[in-house]
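Hi,

Here is the structure I promised to pass along. Have a look first, and my notes follow underneath.

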Amino acid sequence: QWQRDDFISQAIDGWLPNSFRKKLLVAMQIEPEDCRRWYCLRPAEGKWTMDKWYVVGEGVDTLSQSTLVEMKVTAEDQRAELICVPWRREKGKTLKENLPKNLTTDMVDIGLISDGTCKRLGPAGTEVALRKMHLVMKDTGRLYFVFSEEDEKSALGGIVDLLAAPEVFRKTGFEIERAKRDHGVVVGYMMKIPKTVKAVKKDKAPKKKQRPGRKSDI
């Protein structure tokens with residue numbers, strides 16, 4: 001367990017931005033059960049800290065009091081305000097129409113989806129969760145992920161790899177930028193597919209656009 005946690009922590013720390021030019025730094029975890037991976041999103045050298053930590057999802061208002069207290073303490077340790085936002089699907093409405101009042105599009109700098117989440121949500125729920133993250137993330141935002149083998153088998157529909165990522169990522173507008181596998185988990189981060197790439201017509205074969213330094217360590 002400690003070796004896996006250490007692997008996850010070191011991998012993510014190596015991929016965190018060196019700095020931010022933003023006055024307000026917003027982080028969000030989608031459909032959380034706990035905050036055990038939040039410590040990974042704090043730079044070891046303390047170059048920057050979060051300002052707001054959002055926990056968002058359909059079951060947020062059912063989290064136990066002890067979990068909420070732990071989240072609040074962990075957020076405060078990162079000098080951030082904890083904000084819990086239930087976000088349930090409503091029939092006949094798009095996700096954008098159903099966006100909670102205290103959320104906006106293009107607001108999140110750092111997102112997180114943790115191990116076990118996809119298995120719990122299933123394929124359909126995982127796709128909805130990714131679509132929600134895509135809606136609220138900035139174009140420059142990073143969605144960090146930790147997926148277990150069970151997440152891959154039961155919900156993602158394939159092995160998570162930079163060169164052959166599950167279709168659900170492309171379908172929801174994400175592409176993997178970094179990925180590393182060990183100790184039964186795959187760790188990395190995704191970013192939104194650039195709009196210039198998504199806008200290319202289907203009957204044309206666009207050249208693969210790749211951000212500088214895009215890399216897989218799997």
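**Salt bridges and helix 4**

Let's start inside one helix: the side chains of Arg-131 and Glu-127 meet in a salt bridge, with N to O at 3.0 Å. Both residues sit in helix 3, four residues apart, or about one turn of the helix. Arg-131 is partly exposed, at a relative accessible area of 32%. Do keep in mind that this is a predicted model.

That pair has company, as the structure holds 19 salt bridges. As a general point, side chains of opposite charge can pair when their charged atoms come close.

Next, a pair that reaches across the chain. Arg-36 and Asp-115 meet through their side chains in a salt bridge, again with a N to O distance of 3.0 Å. This one links distant parts of the chain, 79 residues apart: Arg-36 is in the loop between strand 1 (26-30) and strand 2 (52-57), while Asp-115 is in the loop between strand 4 (108-113) and helix 3 (117-136). Arg-36 is partly exposed, with a relative accessible area of 34%, whereas Asp-115 is buried, at 11%. Both also belong to a network of salt bridges that links Asp-5, Asp-34, Arg-36, Arg-37 and Asp-115.

The other pair I'd point you to is Glu-152 with Arg-181, a salt bridge whose closest N and O atoms are 2.8 Å apart. Glu-152 lies in helix 4 (residues 149-156) and Arg-181 in strand 6 (residues 174-182), so this pair ties together parts that are 29 residues apart in sequence. Glu-152 is buried, with a relative accessible area of 3%. Its partner Arg-181 is partly exposed, at 27%.

Now to helix 4 itself. Which residues of helix 4 are buried? They are Asp-151, Glu-152, Ala-155 and Leu-156. Looking down the axis of helix 4, you'll find these buried residues within an arc of 115°, so they line one face of the helix. What do they pack against? The buried residues of helix 4 pack against helix 3, strand 5 (137-148), helix 5 (167-171), strand 6 and strand 7 (185-192). So strand 6 turns up twice here: it is among the elements that the buried residues of helix 4 pack against, and Arg-181, the salt-bridge partner of Glu-152, lies in it.

One last detail for when you scroll along the backbone: just after helix 4, Gly-157 takes a positive phi of about 75°.

Cheers

Definitions and conventions: Residues are numbered from 1 along each chain as its sequence is written. This is a predicted model: local features need pLDDT of at least 70, side-chain atom pairs count only at pLDDT 80 or more; totals for chains, interfaces and linings use all residues. Side-chain values use heavy atoms; hydrogens and water are left out. A salt bridge is a side-chain nitrogen of Lys or Arg within 4 Å of a carboxyl oxygen of Asp or Glu. Helices (H or I, at least four residues) and strands (E, at least two) are DSSP runs, numbered from the N terminus. Buried means under 20% relative accessible area, exposed over 50%, partly exposed in between (1.4 Å probe, protein chains only). The arc is that of the directions from the helix axis to the C-beta atoms. Contact means heavy atoms within 4.5 Å.
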